[in-house]
Amino acid sequence: MNFKHLKTFIEVANCQSFSFAAARLHTVQSAISRHINALEEELGIRLLERNTRHVALTKSGEVYLTHAKAIMAHCEQAKHDAQLVDQGKQGVLRIGYLSSACAHFLPSMLRRFNEFVPNVDVQIFEMTAAQQLSAFVDGSIDIGFSRTVDYGYEGLIKHKHLSNDPIYLVINDSHPLARKSEVSLSDLIPFPLTLFARDQAIGLFDTLISVFHQQDIRPKVHSEPVSMQALLTQIASSQSVALVPGCVRNLQTQQCRFIPLDIELFVPLEMHWRNTPTATTQTWLHWCEQHVDLERETATPCLSSLSLEIPPNE
């Protein structure tokens with residue numbers, strides 16, 4: 001079926017005139033006649049009754065006109081939708097994120113992005129750093145909020161540094177160290193150490209172990225939970241100590257106390273995307289560049305004085 005013939009038929013039916021239709025379509029009347037004749041021959045029916053003074057739809061033509069208009073409208077919508085997808089203004093954007101690191105900024109950011117491009121379906125997935133790397137490899141996420149990418153992935157993933165998250169000691173609120181306003185790594189030597197599982201966040205684990213070694217301390221790592229919430233639950237119910245990014249306070253931290261270290265120790269938060277970004281990824285990156293102060297919005301809020309309050313003697 002020739003869409004030019006359909007368009008000509010619709011115009012003739014609307015104008016009830018070959019000459020007027022030719023003028024509106026910027027062509028000659030003989031071309032209009034050829035299009036109508038070809039369409040009627042293809043269908044094997046007469047669509048128009050015409051003479052030198054009059055053009056009218058046949059009954060079959062009336063039915064066909066309804067369908068022809070629907071077909072052309074659908075084609076225009078298909079063209080429009082395809083252009084939106086090509087421009088990254090329609091489609092799917094899949095985001096992997098660390099829940100504790102992103103809880104204070106991601107909901108607001110996603111709400112504003114949705115207002116900017118309402119036809120993009122944003123799908124979010126809570127993932128550890130290791131899970132995000134695997135998802136980038138198999139192409140199941142487009143954007144990631146995570147820790148520093150391992151060297152082996154540099155050819156696959158691009159990154160943007162967002163903020164530095166300070167490391168805190170976390171203990172239960174009745175722990176012997178709970179009355180301290182800050183602690184040194186040597187203060188932790190008598191206690192079993194809990195660290196987030198290395199296979200889920202290699203960079204975080206190795207950063208923490210490295211700083212112990214720099215001070216000639218051999219930490220007694222006795223547990224590596226695979227979720228931060230499990231780590232906090234373990235800390236709240238034992239005499240273990242843990243070192244965690246400050247963002248972990250966004251999780252359920254009842255009966256836990258966060259205490260600063262006496263040294264500056266941070267882990268970075270980064271935004272990641274594939275070297276070959278999708279159209280919706282490009283739209284997200286452009287929007288972030290133009291409309292978001294990433295460094296300010298993603299920075300982990302400082303601990304409040306209430307969080308650092310020294311517990312009373314019991």
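The exercises below, each with a worked solution, concern a predicted model.

**Exercise 1. Determine how helix H1 is oriented relative to helix H3, and list the residues that make the contact.**

Step 1. Two packed helices are described by the angle between their axes and the distance between the axes.

Step 2. For H1, which spans residues 3-15, and H3, which spans residues 29-43, the axes come within 9 Å and cross at roughly 110°.

Step 3. Angles from 65 to 115 degrees count as roughly perpendicular, and H1 is therefore roughly perpendicular to H3.

Step 4. On the H1 side the contact is made by Lys4, His5, Thr8, Phe9 and Val12, while H3 contributes Ile32, His35, Ile36, Ala38 and Leu39.

**Exercise 2. Carry out the corresponding analysis for helices H6 and H10.**

Step 1. The axes of H6 (residues 106-116) and H10 (residues 279-291) come within 11 Å, and their crossing angle is roughly 110°.

Step 2. Because 65 to 115 degrees is the range that counts as roughly perpendicular, H6 is classed as roughly perpendicular to H10.

Step 3. The residues in contact are Met109, Leu110, Arg112, Phe113 and Phe116 from H6, together with Thr283, Trp284, Trp287 and His291 from H10.

**Exercise 3. Characterise the salt bridge between Glu11 and Arg24, and decide whether each partner is buried or exposed.**

Step 1. The closest N and O atoms of Glu11 and Arg24 lie 2.3 Å apart, and a salt bridge requires such a pair to be within 4 Å.

Step 2. Glu11 belongs to helix H1 and Arg24 to helix H2 (residues 18-24), so that the pair, 13 residues apart, links distant parts of the chain.

Step 3. Buried means under 20% relative accessible area and exposed means over 50%; Glu11, with 13%, is therefore buried, whereas Arg24, with 55%, counts as exposed.

**Exercise 4. Describe the salt bridge of Asp293 with Arg296, and place these residues in their network.**

Step 1. The side chains of Asp293 and Arg296 meet in a salt bridge with an N to O distance of 3.6 Å.

Step 2. Asp293 has 38% relative accessibility and counts as partly exposed, while Arg296, at 59%, counts as exposed.

Step 3. Both residues belong to a network of salt bridges that also links Arg112 and Glu297, and Arg112 is moreover one of the H6 residues in contact with H10.

**Exercise 5. Identify the residues that form a nonpolar surface patch with Phe3, and state how accessible Phe3 is.**

Step 1. Phe3 forms the patch with Met1 and Ile71, and together these residues have about 280 Å² of accessible area.

Step 2. Phe3, which is placed in helix H1, has a relative accessible area of 43% and is partly exposed.

How values were computed
Residues numbered from 1 in each chain as written. Predicted model: local features only at pLDDT ≥ 70, side-chain atom pairs only at ≥ 80, totals over all residues. Heavy atoms only, no water. Patch = residues over 30% accessible without salt bridge, like charges linked within 9 Å, V, L, I, M, F, W, Y side chains within 5 Å. Areas by Shrake-Rupley, 256 points an atom, 1.4 Å probe, with all protein chains shown as cover. Helix = DSSP H or I, 4+ residues; strand = E, 2+ residues; numbered from the N terminus. Buried < 20%, exposed > 50% of the residue type's maximum accessible area, 1.4 Å probe, protein only. Axes fitted to C-alpha atoms, helices over the stretch in contact; angles between N-to-C directions. Parallel < 35°, antiparallel > 145°, perpendicular 65-115°, else oblique. Contact = heavy atoms within 4.5 Å.
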